[in-house]
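Thanks for coming. I will talk through one structure, starting with two backbone angles and then moving to the sheet.

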Amino acid sequence: MKHVNFLLLGTSGNGISSLGNTLLGQTCFKTSSDLHATENIAVKGSSALRGDCRITVVDIPGIDTDNKNIDALKSFKALIQEALRLCEDGFTAIVFVLQFWCRYTRQEQETLKLIKATLGEGVITKSTVCVFTHGDLYKHESEIFITWCRGQKGNIQNFLAECNYRCVLFNNKTKDVMNQDKQLEELLKLATETESYTLSHFQLAEKERKSLEEEISSPILAQEASMFFSDMQTKLKSLEDEWTGSNKDKLDLLSKYQEELLKFEGELVNKNLKPGNYINPFGSIKVLKVNIQTKCKLAESEIKLESLNDQFKTQHHRFNRNSSTRATFPARSSTIETTERFPQETKSFKRQNDGRRSLREENVRSYNLQKARGKGNDQSKDTKRCILL
Ligand SMILES: Nc1nc2c(ncn2[C@@H]2O[C@H](COP(=O)(O)OP(=O)(O)OP(=O)(O)O)[C@@H](O)[C@H]2O)c(=O)[nH]1
Ligand SMILES: [Mg+2]
């Protein structure tokens with residue numbers, strides 16, 4: 001006996017479950033005339049003997065493309081996996097269900113895109129038959145249906161050409177047995193032209209699924225990124241305007257911000273953000289990095305300066321104490337005397353002065369750099385203070 005397995009897919013409400021019942025010759029699937037989708041969250045498979053053929057049909061809930069997000073994508077993927085589990089030999093044909101009397105809209109194209117991205121780009125060309133339901137509304141009596149299909153224009157024509165005009169019209173309401181048999185025969189004939197769709201096809205499509213996932217998640221990621229940046233900018237601004245703590249704590253906080261930024265950048269790279277109609281977050285990351293690094297340098301300079309000041313005060317105090325001893329020595333040139341009598345202190349002063357000079361030069365360079373970037377006015381208060389010191 002011949003076994004034919006069909007997987008029915010299409011936009012919600014197109015008559016998918018009704019078609020399943022027509023194919024099986026009995027009511028196995030729940031149908032509804034409600035405007036909302038049937039609360040049919042499970043995949044259901046049923047078989048029936050039709051002539052010399054055992055037909056198995058797997059009906060999955062119609063696709064609702066208004067709900068386009070990562071979760072919808074993942075749940076559709078899970079439905080297909082479940083369908084393949086129910087039909088281990090795979091499907092003789094994938095049946096894409098359209099309504100004859102309805103326009104081929106953007107929604108249908110979105111559904112098709114989701115199907116291709118989940119089952120693989122080649123699924124329409126190789127494995128799909130298109131069934132138009134509501135055949136009772138077909139009034140072009142004199143024109144055979146395939147001629148009507150070939151006469152269509154625009155996006156629907158592209159789709160029909162893609163499935164090589166494997167199209168058949170179904171009237172799910174007909175009680176005429178001859179008509180019922182005729183449409184089933186036509187579908188079975190077209191199914192001999194298709195390549196079976198199996199688990200291995202589904203596994204090969206993983207790359208396409210990933211790509212669609214990235215396309216859907218990229219605008220959401222970009223929005224998250226923009227919120228992250230504005231939050232980071234606020235934190236940096238308040239660090240500049242309202243900070244009352246020590247420079248050491250400031251530096252620690254800046255290092256923490258830098259770590260957060262690098263972590264966020266890593267996450268964005270891993271999620272493979274695709275270019276789209278939004279500001280590229282990597283540009284903002286660069287700006288924030290430079291901003292944090294400049295602030296870190298300033299805080300480090302302040303810390304160095306504070307430590308030099310402390311050292312200087314200690315040395316100065318010690319020097320003053322020793323100067324009373326120095327008064328008992330015969331009068332000589334003060335520089336020579338200081339160098340000879342206090343070699344340690346003199347060397348230390350020299351080092352401090354060198355240190356202060358190079359620090360001052362570093363601050364001047366940093367100030368000039370900021371000024372050149374047009375940020376000198378507000379960020380240079382600290383730097384100016386360093387230069388004056
Ligand atoms: N006149 C006519 N009505 C049809 C035909 N096929 C389906 N319908 C009607 O279309 C409506 C939706 O049919 P369903 O089979 O429940 O559609 P579905 O695509 O499975 O919908 P969901 O599972 O809810 O997404 C029902 O009222 C059916 O009676 C047809 O060939 N002709
Ligand atoms: Mg249904």
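Two loop residues and a sheet

Take Asn164 to begin with: 16 other C-beta atoms lie within 10 Å of this residue, so Asn164 is partly exposed, between the buried cut-off of 20 or more and the exposed cut-off of 12 or fewer. Bear in mind that this is a predicted model.

Where is Asn164 found? Asn164 is in the loop between α6, residues 154–162, and β6, residues 167–169. The backbone is what caught my attention. Asn164 is not a glycine, yet has a positive phi of about 55 degrees. As background, most residues other than glycine have a negative phi.

Next, Tyr165. This residue is also placed in the loop between α6 and β6. Tyr165 has a positive phi of about 55 degrees, and Tyr165 is not a glycine either. Is Tyr165 buried, exposed or partly exposed? Tyr165 has 13 C-beta neighbours inside 10 Å, and therefore counts as partly exposed.

Now the sheet. Six strands make up an open sheet with mixed pairing, and the order runs β2-β3-β1-β4-β5-β6. At the edges are β2, residues 44–50, and β6, each of which pairs on one side only. Ignoring direction, neighbouring strands of this sheet are turned against each other by 25 degrees on average.

One pair in detail: β4, residues 93–99, runs parallel to β5, residues 128–133, and six bridges connect the two. Within that pairing, Val95 stands opposite Val129 of β5.

To come back to the loop that leads to β6: Asn164 and Tyr165 both sit there. That is what I have for today.

Technical notes:
Residues are numbered from 1 along each chain as its sequence is written. Chains are lettered from A and ligands numbered from 1 in the order in which they are written. This is a predicted model: local features need pLDDT of at least 70, side-chain atom pairs count only at pLDDT 80 or more; totals for chains, interfaces and linings use all residues. Helices (H or I, at least four residues) and strands (E, at least two) are DSSP runs, numbered from the N terminus. Two strands pair if DSSP finds at least two bridges between them. Axes are lines fitted to C-alpha atoms, for helices over the stretch in contact, and angles run from 0 to 180 degrees between N-to-C directions.
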